[in-house]
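Work through the exercises below with the sequence and the coordinates open. Each task is followed by a solution in steps.

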Amino acid sequence: MAGLAIRLAVTPSVHGLEHVKEQGGPFIFVANHPSELDEALVRNALRSVVPRLVSVAVEPRGGIRGLVDQALSLRSASRLSALLKSGTSVLLFAETTRTGDGSLAPLDLGAAALGIRTGVPLVPVALLGTFRALPPWRLTVEPGRPRVSVLFSRPIRAGSGDESSAVTESIAQAIEVGLAEESRGWYGARRSPADVVVPRETEGQPEAGWRRMWKATATPTGPTRRRVWQ
Amino acid sequence: MSRPGFVLSVDAQTPPLVVFQGEKVLLERLPVDASVLYPPEALQGIRSLDEAISRALDAPVDSEPLRALLKRGSRVTIVFEDLSQPVTSRTAPDVRQRVIELVLERAAAAGVDDVELIAATGLRRRLTAHDLQRVLGERVYASFAPDHVRSHDAEDENLQVVGELADGTPIEVNGRVASSDLVISVRLATAVGNEGAAAVATKLIGAKTARARGSFAVRTAAAAAEISTDAFDDLVDTIGDKAQVFTVDVTLTPEPTGPASAFLSKREREWSLTDRALSAGLQAATRILPARARIGLAQVSGVGYGVTSVVAGKPSSVHPLTEAFLAQQQVAQFDRPADVALFGIPNPGTIGSSLNPVTAAALGLGQIFNGATAEPVVRAGGTAIFYHPLTPWFHPLHDPAYIDFFAEVLTQSTDPAVISEQFEEKFAADPWYRHVYQTSSSNHALHPFHAWYSAAPAIAHLGEIIFVGGDHGSTRRLGFKSASTLADALEMASGSVGLAPAITYVHGAPVSISEVS
Amino acid sequence: MSAFSPLEGQHIMLTGATGFVGQAILEKLLADYPTTRMTLLIRPKGSLTGQARLKSLLRKPVFSKWRERVGQEEVDRAMTERISVIESSMGSVAGLPADLDVLIHSASTVSFDPPIDEAFKTNVGGAVGLYEALLATGSDPHVVHVSTAYVGGINKGTVLEASLKHTIQWRDEMAAALAARTTVEASSRRPEVLRKMIADAKLDNGKVGPHAVAIAAEIGRTEWVTKRLVDYGRTRAQSVGWADVYAFTKSMSERVAEELWAGNGHRLSVVRPAIIESALKHPFPGWIDGFKVADPLIIAYGRGLVPEFPGLPDSILDIIPVDIVVNATLAVAANPPAPADPKYFHLSSGGRNPLTFREIYENVLKYFRANPIPDEQRGHIRTPYWDFPGARAIARSLRTGERANKLLQRTLLRLPSTQTTRSFMRQASARQTDLELLRAYSDLYQNYTQAEIIYDDSRTAALNDTLPPDARQTFGFDATEIDWDNYLQEVHFPAVTTLMRTFSSRPRAKAQVEKPLPQNPEAAAFFDLEGTVLASNIVEQYLWVRLASLDRAKWPQELANLFGSLPKYLAADRRDRGEFIRTFYRRYEGVDEQALRQLIHDTVGDVLLQRIRPEAVRQIRKHREAGHRTILVTGAIDVLVEPFVTLFDEVVSSHMHSKDGIWTGHLSKPPLVDEARAAWLRLYGEREGIDLKKSYAYGDSIADRAWLELVGNPQAVNPDAALFQHATQKHWRIHQWSDHNHSRFDTVGELLRGDIVQSASSTPALGPSPKEITHE
């Protein structure tokens, strides 16, 4: 039901599922969290591959849902481990704070710790376009079925001896690569981390807040048919 | 361990067996005492492809790991096979996409900027944007289109000479490939048939070279010669002066793709009730539907591929390994060659198309020497019976040379020597064919000739060639006979093989168009 | 006399020597009257002089037996020494020799239903000129005037051998007949008549162009004039009691002979033969030159085309073999009457040896049952049984058949042209020919088979009796000697059907391998695009382009819009193809030319290429190999024709007017269609030195007729019904090139999939361009 709603509201495109499909068993999905659309979107993308999924955000949810979370005590690591052992996958929105402009905030170390502890593979998930589709100030999704993407990266298996900060860093990098695909293309996104010559920021200081917001809400220049009639 | 191939001897209890006939799937009752050759059951596909590929790339055979070969500033070209058939099931991404993604990740990590992807099409048609997207995946394609991903153009002006053939013709190879530092070739090999030549360069040569190499005279000479020394032996590991080749060989196995087709690859004896019901449904549908819809039906009941092994490294070392692995899949044991061999020819899975008669015949005849068995299934002078309608349908865009080959050349003669002398030059030099090959999506003008030459050894080996269900006009044009049922075909053949011949049916579909170009 | 030697040493003049009876008379004179001299009046024909015509005349089969007997040298000698030729036409007879002993006048019209003025000019005016010329010489030859038995008119009962009893004045009739032409010509130029001609011409030729309409209208007018004059003739003849204008004018010419020759104190004999058919004995049994009156009917019957026939079974068909006619005529010539007392002789069989229609029918039936005509398709033709239901029933069924067939043909012309409709069209045309034949026979033979006239020939019989018994073999002419069954079965029918048989039993020509085209650097091959080289039209091309550039969501709207405008376009097309093109191309307003070129280059070009006909490509290649220049002439826009440019040496297409790179929707010059294309072709031929007579042109619709006709080798490709009709009539080559079995739906499917394009702004970033990186 929710899946249908999602498909009617936006044009989702999912990539990288093959990495998930190949390995069986539960996963820990670690995703960025630009908008309220995210959970439903990821669930919809994973509906055929992962039968049971539970989602948790690092930043606590307000309202009724927060209460529900409290009741289910989903926020505790032990509870989550138990769920994982029983075969339920977990979707973690691991950003410590929700940025109001769609960029990636630093990730909480808990996700990595969970992975190290349970040995379950961590799958970085990058969500693109959801901020644009349902920004915080909107009640409903933007009309016109805006394009959104869900990009799954290769699962990261954390050994028991790994440092959670290192693992978190690799997760964050994977998500960043996914986010960079929008502007630089697939190869370009993977290319840029290796290139120390070209800096990410032109001036070396973070962009002004409004500029980030501007870029995040710009109309996407996705592929369209060539316009012949003017 | 999968089951080895085995030979079933048909008796009164044997159920009717699955035979592919173009877009139809028939259930035929074979005469008693016929033998049915079942290929070895497919090996399990690799479950975790990413891991297998990564392992292969990081621990290649006789070579440094790929990471070490990729340096910042290298000129890298990735060359991938085009089998003109869908590879891996319809929903999952193509195996080539998986390999190339992993390769490109390493290239990106190493800081390589000059990367190009080239489809090693040889003389086959250019891959359209849509085809390339299907092979490479949307994201990879989008990263490199439109300038850095393309098909090989045999008529290009910028070919480089990297050697010489036995008769002195220079070997011209794709310019980009010859001028690269590292060439990563992604090759596919199917369980039946072989991988083709060891050198991937054979699929990247220019038209003149291909013509000299593939001409009928050269083929007959090569077949007659004891030792095959190929001028391309030098080009296996290095192309030209500096291009080093690193190959990734992937072997495939047929896997059912559609829900309805699982039963087609099972042995009929072992069909469950559901399978029988599905088969009955398919039969009924085939009878009722018109031809064009039947082609669509094949999609539902089609056959795709799973991956059985991934090996990477130095081509001259990897190739024998692949060949040996594939040889395992062949049926080696059977008593003696039969008098009559039966083959079914299915349609390839691309939507809305069927095989044109020349290609279908070449595919069928290719099974004689390049089939599921190491030795030919039928004795010299025996009869081969194929199942294919041979409808004189040609793809209007892909096959303009085939249309004219069928209408002009085959009406004059079916003898490859005569064809090669009288018509090859004309076709090769024709500006229209070159134009549509280079700008549109058509097979090169020499393609039908090479297909016909590749079938010639089989035609010479056999006494009679009969097509069951074949369109009378086009079968005659190709120089074969047509019959409407198996009984009629055996009747026709009784003139040369007698009334009680030894019959062998090679079960399952031929899965590769043997090395045409 | 010891030896019977009639006409000994006489000088005989013969008119109409090139005709059927004339040839036979000449042959007999040469063969069996060795001492005679002949003067022939032969009209020069085209570039052939009278002498040349004589030479070719002597090669005809009638002289073969004589040539075999005496040898070619004798023939040549006879030609030079015994025959002299006077070249003149009937109307103006220059100096006749003054030493004639006999003049046999057997020249007349050939057809039964000529226009009235022609009939009078030849039969009556010719006789007048001849007799006046003869009078001018002052000599007194015995004139044998060959008439016809049917000058007796429509009568019942016996007709005696005597002068005709009627009061029609030949001079008045002649004047009226000649005046009729002037009247009818003037009448044909009246607006009412011309309007109808124009309307009919437009119906058939409107699509070709105004010039073609004008030509067709004028042809229609001349045909109308001829038909009217024929009607004048037939009706006038019938109103004064003759069956047709031939019999009428022949009777008038008898009057002329009586008045001008016998009336001036000279000797005149008139012979009136009935229906002259093949020879009984001389020169050989069954000799005949062309088909005579009864023969087409016999053939048609043998081919199973005549299911019934109007005629009374007991009516008498008066047939007389030609050698009897010749012998009788020459015997008459050898026995002149008293001056000013003309004698009449009937040469017929009906008097003493009648042949009823039923007897003929039974013989025909028996003959064709025993010797059926082989027919390629059906084995042998089975001849029908006749019931003789009577003239009325026949006329009714004929009328119904004709109406039904006309309706069928009109319907087929409106339907789109497919394989099935074309074969129906062929059948309908064949049926129309058969019906016209039946109608012609029906009208013609009515009079000959429904008459209940007996021609008494006692005078002829008496003349025959005067022959010495031993001469009867060679010179006799006794109609009672004829054994009809034998004559019909053994002599006449075989002779008449021989021609038919040899044609049918020719070995079937082997399927021909296409010969290569003749080399000729000055020839050109002109190709039309839509429907000929490409199996599509400009509406389709527009559709592909439009759909490829619109999002899928907008497709229904566009399609609805297009279908809504369809009536407007169809109406324009019916009026004028140029107008249709102009109206339709307004839809291209606002197109960015560069973007369109890119689109064609990337995707739509392939879609268009798929509709190309492979046979067309082969044909173009053949022309190229033969050194011909290949030219594409089309009304399509040049950007859309881009993918095919390499196939041709030259491409002429429409060009859209553009402003700042955007199309305004108007053409920059008038589209080259129909007659404009014809004019262009002519100009092109002159300018480039192309020999149009040796050139080729390929088109598919009737509108292409205008320029297809300009070249020496027009070819129709998958023609529509109207062009098919025209092409079969003119014997143009008709090609059937396959419509590709790649349906339009597949094309749309590919458009749906294949052409998402990255818009210009989002080019993938690969970092700095590879060119800027230096290699280590």
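**Exercise 1: the interface of chains A and B**

Task: find how many residues of chain A are in contact with chain B, and how many of chain B with chain A.

Solution. Counting contacts (heavy atoms within 4.5 Å) gives 16 residues on chain A and 25 residues on chain B. The model is a predicted one, in which local features need pLDDT of at least 70 and side-chain atom pairs count only at pLDDT 80 or more, while totals for chains, interfaces and linings use all residues. Residues are numbered from 1 along each chain as its sequence is written, chains are lettered from A and ligands numbered from 1 in the order in which they are written, and side-chain values use heavy atoms, with hydrogens and water left out.

Task: state the area buried between chain A and chain B, and which three residues of chain A supply the most of its share.

Solution. Buried area is the accessible area (1.4 Å probe) that two parts lose on being put together, summed over both. For chains A and B it is about 1,900 Å², with 43% from carbon and sulfur atoms. On chain A, the three residues that supply more than any other three are A:Glu22, A:Trp186 and A:Tyr187, with 39% of the area that this chain buries against chain B.

**Exercise 2: polar links and the chain A side**

Task: count the salt bridges between chain A and chain B, and give the distance for B:Glu105 and A:Arg190.

Solution. A salt bridge is a side-chain nitrogen of Lys or Arg within 4 Å of a carboxyl oxygen of Asp or Glu. There are 5 between chain A and chain B. In the one formed by B:Glu105 and A:Arg190, the closest N and O atoms are 3.8 Å apart.

Task: which helices of chain A each supply at least two residues of the side that touches chain B, and which gives the most?

Solution. Helices here are DSSP runs (H or I, at least four residues) and strands likewise (E, at least two), numbered from the N terminus. The elements are α2 (17–22) and α8 (164–191) of chain A. Of the elements on this side, α8(A) gives the most, with 6 residues.

**Exercise 3: aromatic pairs in chain C**

Task: classify the ring pair of C:Phe527 and C:Tyr698, and place both residues.

Solution. Rings of Phe, Tyr and Trp (its six-membered ring) pair if their centres lie within 6.5 Å; planes under 30 degrees apart count as stacked, over 60 as edge-to-face and the rest as tilted. This rule gives 38 aromatic pairs over all chains. For C:Phe527 and C:Tyr698 the centres are 4.5 Å apart and the planes at 0 degrees, so the pair is stacked. C:Phe527 lies in strand β14 (residues 524–527) and C:Tyr698 in strand β19 (residues 696–699) of chain C, so that the pair links parts of the chain 171 residues apart. Both C:Phe527 and C:Tyr698 are buried (under 20% relative accessible area, with exposed over 50% and partly exposed in between; 1.4 Å probe, protein chains only).

Task: do the same for C:Phe580 and C:Phe584.

Solution. With centres 6.0 Å apart and planes at 35 degrees, the rings of C:Phe580 and C:Phe584 form a tilted pair. C:Phe580 and C:Phe584 are 4 residues apart in helix α20 (residues 577–585) of chain C, and therefore separated by about one helical turn. C:Phe580 is buried at 8% relative accessibility, and C:Phe584 is buried at 0%.
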